[in-house]
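Visitor: Could you take me closely through one part of this model, starting from a charged pair and working outward to what surrounds it?

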Amino acid sequence: MTRSRPLAVAAALACALVLVACGSSDKKSTTAATTSAPAPAPAPSATSAPAIPFPSGAAPKRLVVRDLKRGIGPAARPGQTLTLNYVGAGLSDRRVFDSSYRTGQPFSFALGSGQVIPGWDRGLVGMRVGGRRLLVIPPGLGYGAQGSGPIKPNETLVFVVDLLGVQG
C-alpha cells in the first residue's frame with residue numbers, strides 16, 4: 001500500500017505538469033495572437049508634450065490648420081468651453097515658449113469669446129475631442145507687432161493642441 005501511494009502521487013504530479021504545460025502553451029498562443037494584432041493609435045497623452053512638426057520654407061501668411069490625429073468625439077463649436085493641452089513655439093527660433101504639459105494643468109477657455117489669440121479662436125473650430133491639431137499662426141492672428149513676454153514681435157507661432165473635452 002505504501003508503494004502505490006508514491007506512484008499515485010507521481011502520477012498526479014505528472015498530470016499536473018501536463019496540464020501546466022498545456023495551459024502555458026495556450027497562454028503563449030493567446031499572447032502571440034494579441035501581440036501580433038496591430039496596436040490601436042495612441043490617444044493624445046495628458047503627460048508628455050508632443051514634438052512640434054515645424055513647417056519648412058517661408059512663414060505662411062495665412063492661418064494653417066492641420067489635424068495630426070482626427071478625434072472621434074464631439075466637434076468644438078463657438079460658445080463651448082474647451083479643455084486642452086498644448087505646446088507652443090516661435091517659428092523663427094523653434095523655442096517652446098509655453099506648454100500646459102509642463103505645468104500638468106490642462107487649459108480651458110470659451111471658444112470664440114476673445115479670451116485667446118484669434119488664431120486659436122479660428123483654428124480650433126471643428127476640432128474633435130481626442131484629436132491633435134497643428135496650428136501655424138501668422139503674427140496678425142497672434143501677438144502682432146508688440147509680441148508678448150518671450151514671444152518676439154511679428155513672430156509666427158506654431159502650436160500642437162490636444163483637445164480633451166468640450167462643454168456647453
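Guide: Let us begin with Lys152 and Asp93, which form a salt bridge whose closest N and O atoms are 3.8 Å apart, the term standing for a side-chain nitrogen of Lys or Arg within 4 Å of a carboxyl oxygen of Asp or Glu. This pair links distant parts of the chain, since Lys152 sits in the loop between S5 and S6 and Asp93 in the loop between S2 and S3, 59 residues apart. The model is predicted, and accordingly local features need pLDDT of at least 70 and side-chain atom pairs count only at pLDDT 80 or more, whereas totals for chains, interfaces and linings use all residues. Residues are numbered from 1 along each chain as its sequence is written, and side-chain values use heavy atoms, with hydrogens and water left out.

Lys152 is partly exposed, at a relative accessible area of 39%, and Asp93 is partly exposed too, at 33%; here buried means under 20% relative accessible area, exposed means over 50%, and partly exposed lies in between, with a 1.4 Å probe and protein chains only.

The loop that carries Lys152 deserves a closer look. Pro139 is found there, between strand S5 (132–137) and strand S6 (157–167), where strands are DSSP runs of E with at least two residues, helices are runs of H or I with at least four, and both are numbered from the N terminus. Although Pro139 and Pro153 are 14 residues apart in sequence, their C-alpha atoms are 8.0 Å apart in space. Once residues up to four places away in sequence are set aside, Pro139 touches Gly144, Asn154, Glu155 and Thr156, a contact being heavy atoms within 4.5 Å.

The last of those partners, Thr156, also has its place in the loop between S5 and S6, and Thr156 counts as buried because its relative accessibility is 6%. Beyond its neighbours within four places in sequence, Thr156 is in contact with a set of residues that includes Ala59, Pro60, Ala89, Gly90 and Leu91, as well as Val136, Ile137, Pro138 and Pro139.

The strands on either side of this loop are themselves joined by charge. Asp162 forms a salt bridge with Arg132, with the closest N and O atoms 2.6 Å apart; Asp162 lies in strand S6 and Arg132 in strand S5, so that this pair links parts of the chain 30 residues apart. At 0% relative accessibility, Asp162 counts as buried. Strand S5 contributes to another bridge, in which the side chains of Arg133 and Asp67 meet at 2.7 Å, N to O; here Arg133 of strand S5 is linked to Asp67 of strand S1 (residues 64–69), 66 residues away. Arg133 is buried, with 6% relative accessibility, whereas Asp67 is partly exposed at 36%. The salt-bridge count comes to 3.

S5 and S6 also take part in the nonpolar interior. In the largest nonpolar core, which has 22 residues, Leu82, Leu84, Trp120, Leu124, Phe159 and Val161 touch the most other members; such a core is a set of buried Ala, Val, Leu, Ile, Met, Phe, Trp, Tyr and Cys residues joined through side-chain atoms within 4.5 Å. Strand S2 (81–90), S5 and S6 each supply at least two residues of this core, and the largest share, 5 residues, comes from S6. Apart from it lies another core of 9 residues, among them Ile52, Val87, Ala89 and Val160. In soluble globular proteins, nonpolar side chains tend to be buried together.

Aromatic rings run through the same picture. The structure holds 8 aromatic pairs, where rings of Phe, Tyr and Trp (its six-membered ring) pair if their centres lie within 6.5 Å, and planes under 30 degrees apart count as stacked, over 60 as edge-to-face and the rest as tilted. Tyr86 and Trp120 form an edge-to-face pair, 5.2 Å centre to centre with 80° between the planes; because Tyr86 lies in strand S2 and Trp120 in helix H3 (residues 118–123), the pair ties together parts 34 residues apart in sequence. Both Tyr86 and Trp120 are buried, and ring pairs link Tyr86, Phe97, Phe107, Phe109, Trp120 and Phe159 into a cluster.

To place this region in the whole, the protein has 3 helices and 6 strands, which follow the pattern α-β-β-β-α-β-α-β-β along the sequence, and 35% of its 168 residues count as buried.
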